[in-house]
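Please find below a short set of notes for someone opening this structure for the first time. They take up charged pairs, a pocket and a sheet, in that order.

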Amino acid sequence: MMINKRLIGTVSESKAYIAGNVALQWVSLAANIAMIGAVCRLMERLYQNCASSGDMLLTAGVALLAVVIRFGCQIGATRMGYLSSKAVKKKLREMIYGKLLRLGSAYKEKAQTSEVVQVAVEGVDQLETYFGAYLPQFFYAMLAPLTLFLVLCFVNVPSAVVLLVCVPMIPIAIAAVQTWAKKLLSKYWGQYTALGDTFLENLQGLTTLKIYQADAFKHQEMNEASENFRRITMKVLTMQLNSITIMDLVAYGGAAAGMILAVTQLKAGHVGVGGCLLIILLAADFFIPMRQLGSFFHIAMNGMAASDKIFRLLDLPEEKSGTRAAPEDCSIRCEDLSFAYEAGRPVLEGVNLYVPRGSFTAIVGESGCGKSTVASILMGRNRGYSGVVTVGGVPLGDLSEESLLKSLTYVSHQSYLFKGTVRENLLMGRPDAGEDAMWRALEQVRLADFLRGEQGLDTRLAEKASNLSGGQCQRLALARALLHDSPVYIFDEATSNIDVESENDIMAQIHRLAKTKTVILISHRLANVMDADHIDVMDGGRIVESGRHEELLRMGGHYAALWNAQQALENYGMESMS
């Protein structure tokens with residue numbers, strides 16, 4: 001009943017802690033039986049007027065020893081539960097993290113980030129309780145009634161049999177609602193994940209919602225999602241309350257039946273006063289472990305639902321990861337490259353692209369033509385493409401992700417800067433970089449003077465470096481990229497949405513970098529690619545023109561039309577300003 005063999009086998013190191021927990025609870029039960037037995041023996045001798053001071057002292061000694069043993073066992077069982085849950089959290093989170101590493105930078109194609117976070121945090125926390133509390137209680141609930149049955153058989157067999165027969169009625173009641181509860185909790189986790197996904201998206205886009213005054217609409221949408229989650233939560237609570245009520249009726253009814261039979265046996269002379277009292281006092285202990293197990297029912301069901309999501313993530317198919325290292329000659333070639341995010345809606349169709357080693361290549365075109373998708377494929381973020389992509393003559397799929405990411409550095413207009421210090425963000429580019437190297441990189445991007453006026457390399461950054469301007473963020477991202485010092489650099493609209501001065505400084509550094517590295521510049525602004533060795537013009541997922549700036553203008557085709565349109569727009573802007 002709610003025992004997932006795969007789950008237990010996955011965290012096999014928890015078995016010893018679960019066994020220790022059960023053993024300590026059983027020792028505590030034995031001490032309790034001894035204490036109650038001593039008390040009942042004393043009560044019977046008092047009833048018979050034959051009790052002595054020795055009997056009093058013996059009973060007190062047994063009771064004191066039992067209390068000490070039970071106290072120690074309680075502490076030990078709690079410790080075992082903690083160690084078990086600790087092992088579970090550590091093992092499962094390592095497995096989830098390892099899975100994400102194996103999926104690589106393309107993991108978003110198969111799993112939503114919000115779902116991964118919820119599974120790794122809340123899902124694992126549910127299993128912490130499942131292993132630390134439910135499983136030990138499950139095995140103890142099987143062992144305790146059998147132990148009590150064997151003890152009471154020496155007192156009165158009919159009473160012991162009645163009590164033992166009533167115990168399985170609790171798990172039968174649990175099983176009666178298990179199928180419904182499983183479906184309900186699966187739906188609960190689905191709505192919980194959806195709510196978290198909606199909340200994360202709205203939080204990340206809060207500024208945009210405010211700008212366009214769409215926050216009221218999203219607020220209403222969030223309220224609806226919250227209301228749906230509230231309703232499913234109330235259904236879960238109702239299910240739990242109903243199951244607890246049923247278990248209480250069974251437990252108290254079974255204990256009462258055992259007590260009534262014990263009194264009947266006393267009247268019939270089949271059991272003494274002490275034996276009858278022992279049966280009455282231990283009758284509840286038959287049902288308490290199973291009743292306690294029932295109270296963990298919803299935890300177990302949540303654990304099962306969470307484990308389903310965890311294993312769904314862990315079972316995601318993994319494309320074979322390459323093992324070859326990228327060669328020194330990191331020339332890039334794409335032959336008949338095609339790709340689609342959704343079936344029947346191709347983004348790239350038959351793209352043929354060649355980027356020689358040490359060249360400065362630009363990819364241009366209107367928004368949505370597939371420029372950034374080419375970059376994502378080269379960085380290993382999008383897989384499932386058709387055609388051939390090679391780096392230095394080696395197929396992209398044969399390269400290890402580590403080697404690929406050492407050879408190619410990607411800088412976009414949304415390069416992520418982490419909360420922390422400037423130093424910590426720069427060290428991501430090169431962990432062994434010294435302060436001199438970091439300052440040189442900052443000098444190259446003209447950010448050093450600003451940081452010297454702050455706290456230098458220890459200048460604190462807010463989340464996403466929101467305390468810096470857009471231009472400063474891009475300069476810092478470029479400095480980090482320079483420290484990475486890879487053979488190939490891909491700049492994907494790296495100067496979008498920043499001030500003109502920052503754009504000019506960054507473009508100047510890109511042009512300097514192109515003298516010693518292979519540079520692929522993706523840009524919608526053609527003025528930035530005039531000096532490129534080669535320009536590939538994309539339209540509708542295809543490369544429609546190729547050549548140098550002057551050649552493309554002479555062709556009078558797509559590139560020339562884009563150039564003329566941009567020049568007219570910029571000249572109009574200059575005339576308006578004058």
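**Notes on the predicted model**

1. The model is a predicted one. A charged pair in a helix makes a convenient start: E227 and R230 form a salt bridge, with 2.7 Å between the closest N and O atoms. Both residues belong to helix α8 (residues 215-267), and because they are three residues apart there, about one helical turn separates them. E227 has a relative accessibility of 28% and counts as partly exposed. R230 is also partly exposed, at 43%; the partly exposed class runs between the 20% and 50% cut-offs.

2. How many salt bridges does the rule give? The count comes to 22. The remaining points on charged pairs deal with some of them.

3. R93 and D125 are joined by a salt bridge between their side chains, at 3.2 Å from N to O. This pair links distant parts of the chain, since R93 sits in helix α3 (residues 53-103) and D125 in helix α4 (residues 113-153), 32 residues apart. R93 is partly exposed, with 30% relative accessibility, and D125 is partly exposed as well, with 29%.

4. K517 and D485 also meet through their side chains in a salt bridge, where the N to O distance is 2.7 Å. K517 is in the loop between α17 (500-513) and β10 (518-523), while D485 is in the loop between α16 (470-484) and β9 (488-492), so this salt bridge ties together parts 32 residues apart in sequence. Are the two partners buried or exposed? K517 counts as buried because its relative accessibility is 16%, and the cut-off for buried is under 20%. D485, with a relative accessible area of 47%, is partly exposed.

5. Some salt bridges share partners. Through such sharing, R41, R45 and D55 are joined into one network.

6. The next topic is the second largest pocket, which holds about 570 Å³ of space. Its lining consists of 24 residues, and those nearest the centre of the pocket are Q25, Q74, A77, Q137 and Y140. By class, the lining divides into 11 nonpolar, 11 polar and two charged residues.

7. Which helix gives the most to the lining of the second largest pocket? Helix α3 does, with eight residues. At least two lining residues come from each of α2 (14-47), α3, α4 and α9 (273-295). Helices α3 and α4 have already appeared in point 3, as the places of R93 and D125.

8. The last topic is an open sheet of six strands, whose order is β6-β9-β10-β3-β11-β12 and whose pairing is mixed. Its edge strands are β6 (408-412) and β12 (542-547), each of which pairs on one side only. On average, and with direction ignored, neighbouring strands in this sheet are turned by 15° against each other. Strands β9 and β10, which take part in this sheet, also bound the loops of point 4, with D485 in the loop before β9 and K517 in the loop before β10.

9. At the β12 edge of the sheet, strand β11 (residues 534-539) runs antiparallel to β12, and five bridges join the two. Within this pairing, D539 stands opposite R542 of β12.

How values were computed
Residues are numbered from 1 along each chain as its sequence is written. This is a predicted model: local features need pLDDT of at least 70, side-chain atom pairs count only at pLDDT 80 or more; totals for chains, interfaces and linings use all residues. Side-chain values use heavy atoms; hydrogens and water are left out. A salt bridge is a side-chain nitrogen of Lys or Arg within 4 Å of a carboxyl oxygen of Asp or Glu. Helices (H or I, at least four residues) and strands (E, at least two) are DSSP runs, numbered from the N terminus. Buried means under 20% relative accessible area, exposed over 50%, partly exposed in between (1.4 Å probe, protein chains only). On a 1 Å grid over the protein atoms alone, a cavity is a set of points where a 1.4 Å probe fits but cannot get out, and a pocket is an open set with protein on both sides within 12 Å along at least five of seven lines; lining residues have an atom within 4 Å of a point. Grid points are joined across faces, edges and corners, and a volume is the space filled by probe spheres set on the points. Ala, Val, Leu, Ile, Met, Phe, Trp, Tyr, Cys and Pro count as nonpolar, Asp, Glu, Lys and Arg as charged, and the others, Gly among them, as polar. Two strands pair if DSSP finds at least two bridges between them. Axes are lines fitted to C-alpha atoms, for helices over the stretch in contact, and angles run from 0 to 180 degrees between N-to-C directions.
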